[in-house]
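Q: Please take a close look at one strand of this protein. Start from a single pairing, then work outward and show me what the rest of the chain looks like around it.

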Amino acid sequence: MDEFDFETLAIHAGEDADPATGALRQPLHMATTFKLPKFGVKLFDALMMDSARPPFAYTRWGNPTLRALEDRLAALEGAEAAVVTASGMAAVSALLLTLLSSGDHVIASEVCYAGSVELLGQHLPRFGIEVSLVDTSDLNQVRAALRPNTKLLYVETPANPILRIADIAALSNIAHGAGALLAVDSTWAGPGLQKPLALGSDFVLHSLTKYLNGHGDALGGVVLGPTKNIQRIRKEMLVHLGGALSPFNAWLITRGLITLPIRMQRHCENALRVARFLEGHPKVARVVYPGLESHPHHALATRQMADFGGMLTFRLKGGLGSAITLAEKIKLFSYATSLGHAHSLLFYYPTDMYIDAMPFYTEAQKRHIREWTGDGILRASIGLENPDDLIRDLDQALRARTFKGWIGPLAYRIMKNMPDLERSTNDGG
Ligand SMILES: *Cc1c(COP(=O)(O)O)cnc(C)c1O
């Protein structure tokens, strides 16, 4: 399928017409177990995963519906191989636990998806893995963090939730010069906007839950990279830790991928329209969107990305009170975590709460993060609705008078992380 372009691969790669019926979509194989040829000696080798495409035996090891998705994702990302997992976090943990052992050192983005930075900052050290969290958009910080035992550089770009951009090609040179590997969580861009492998990364990860599925109805994750390493992840982590994707979710995500190119185009157009609107709004203090000239890494984003994505953050002049008013008054946007859906979503990150949840940050890191976030940011996942409707919704919510009466109790609920909000804030989206 190498000869085809991205839009064509999104529809065709990994899925030939079903030989039994001619159906253009592969049947959904909701089966855990596959009948095997009896006593095939070669089969045992193959089942031990020494073959690149082992026969199907048990769905935790592989399944035709999962393989169709893996083949499509590998084609879209230009990767040798892919392994799909039950969630984005299952992909992150499988990669980190396969590549790192006690005594190894990893350098990672100090601001990235909350689940990832907590795994890196809180849990890997429990297993004797040394972790340095640095601002990976600052190459000097990365160079200064290198140690003789550095095995991996783990980078998220654009970084969730603050939209810092890291230079993948430069980071690949730094990692490889030190004998380490580079892995990039490319969830916020997706394969249509950014190609980390072509820029020198060894691995790419995605939460399939976000843009790649795109409909907000299935969790999933993927690690892509060289066949040998991907086989190792399947054999050592998927089989032993067990984070296998449901075939039903794989089937939904493969369906979602069909429209990925056209959806991303619309996400990007809508986000730029909304970002420009917010940038000109008297109640808005700052907008962070890689497509705006005002973004500190706009030039790098222009070089590294085909377009700027559907995510943006903004700060309001009125601080917490006006953020709560906005959250209360939006009608079309949903106040919700997660991202990359057809639905537009909005979520507030009070900086204090965000950095207090990360006990491993130094005071200098907290100050550095605050330079980007002030006392808090509203994160918007711009959906596929009509952009004028989205702008009208934000405009009416921004114009609403800040009603002082309920700000106290609501602010208290947000800041003290009461149970009803805990559900939506703990995983950070
Ligand atoms: C959501 C997200 C994850 C985790 O994915 P899940 O599918 O929710 O487990 C990892 N990285 C980034 C950048 C994300 O946005």
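A: Begin with one pairing: H206 has V222 of β7 as its bridge partner. Keep in mind that this is a predicted model. The strand to follow is β7, which covers residues 221-225.

Look at its two neighbors. On one hand there is strand β6, residues 203-207. β6 and β7 run antiparallel and are joined by 4 bridges. On the other hand there is strand β1, residues 81-85. β1 also pairs with β7 in the antiparallel sense, over 5 bridges. Within that pairing, A81 sits opposite G225.

Now check the side chains. In a regular strand, side chains alternate between the two faces of the sheet. See how β7 divides: G221, V223 and G225 point one way. V222 and L224 point the other way. Which of these residues are buried, and which are not? All of them are buried, whichever way they point.

Why call β7 enclosed? Buried means under 20% relative accessible area. In β7, 5 of the 5 residues are buried, so the strand is largely enclosed by the rest of the structure.

Next, turn to the ligand. It has 15 residues around it. The closest are G88, D185, S207, T209 and K210. One of these links back to our strand: S207 is among the closest to the ligand, and residue 207 ends β6, which pairs with β7. Three polar pairs can be picked out. A backbone N or O atom of G88 is 2.8 Å from an oxygen atom of the ligand. A polar backbone atom of M89 is 2.9 Å from a ligand oxygen. The side chain of K210 places an N or O atom 2.8 Å from an oxygen of the ligand. Taken alone, the ligand exposes 380 Å², and the protein buries 94% of that.

Move on to another covered strand. β2 spans residues 105-109. It is mostly covered, with 5 of its 5 residues buried. β2 runs parallel to strand β3, residues 130-134, and 5 bridges join them. Here A108 has L133 in β3 as its bridge partner.

Just past β2 comes E110. Its place is in the loop between β2 and α5, where α5 is residues 114-123. Is E110 buried or exposed? Its relative accessible area is 2%, so E110 counts as buried. Its side chain makes a polar contact with the side chain of R164, at 2.6 Å. Beyond four places in sequence, E110 touches a set of residues that includes L133, R164, Y361 and H368. Notice L133 again: the bridge partner of A108 also touches E110.

Now a helix, α7, residues 168-177. An α-helix has 3.6 residues a turn, so residues three or four places apart point the same way. The buried residues of α7 are I168, A170, L171, S172, I174 and A175. Their cover includes α6, β4, β5 and α11. β5 is residues 181-185, and D185 is one of the residues closest to the ligand. At the start of α7, a side-chain oxygen of D167 comes within 3.4 Å of the backbone nitrogen of A169. After α7 comes G179, with a positive phi near 75°.

For contrast, take L28. It lies in the loop between α1 and α2. L28 has a relative accessible area of 32%, so it is partly exposed. It still reaches far along the chain. L28 and P247 are 219 residues apart in sequence, yet their C-alpha atoms are 6.9 Å apart. L28 touches T65, P247, F248 and W251, leaving out residues up to four places away.

Step back to the whole chain. It has 17 helices and 12 strands. Of its 429 residues, 56% count as buried. Among contacts between residues at least 6 apart in sequence, 74% join residues at least 24 apart.

Finally, how far can you trust the picture? The chain averages a pLDDT of 92, and 90% of the residues score at least 70. Over residues 418-429, pLDDT stays under 50. Where pLDDT is low, the predicted coordinates should not be read in detail.

Key. Residues are numbered from 1 along each chain as its sequence is written. This is a predicted model: local features need pLDDT of at least 70, side-chain atom pairs count only at pLDDT 80 or more; totals for chains, interfaces and linings use all residues. Side-chain values use heavy atoms; hydrogens and water are left out. Buried means under 20% relative accessible area, exposed over 50%, partly exposed in between (1.4 Å probe, protein chains only). Helices (H or I, at least four residues) and strands (E, at least two) are DSSP runs, numbered from the N terminus. Two strands pair if DSSP finds at least two bridges between them. A polar contact is a pair of N or O atoms within 3.5 Å; within protein, one must be able to donate a hydrogen and the other to accept it, and residues adjacent in sequence count only if both atoms are side-chain atoms. Contact means heavy atoms within 4.5 Å. pLDDT is the predictor's confidence in each residue, from 0 to 100. A residue is near a molecule or strand if one of its heavy atoms lies within 4 Å of it. Accessible areas come from the Shrake-Rupley method with a 1.4 Å probe; for residues, only the protein chains shown count as cover.
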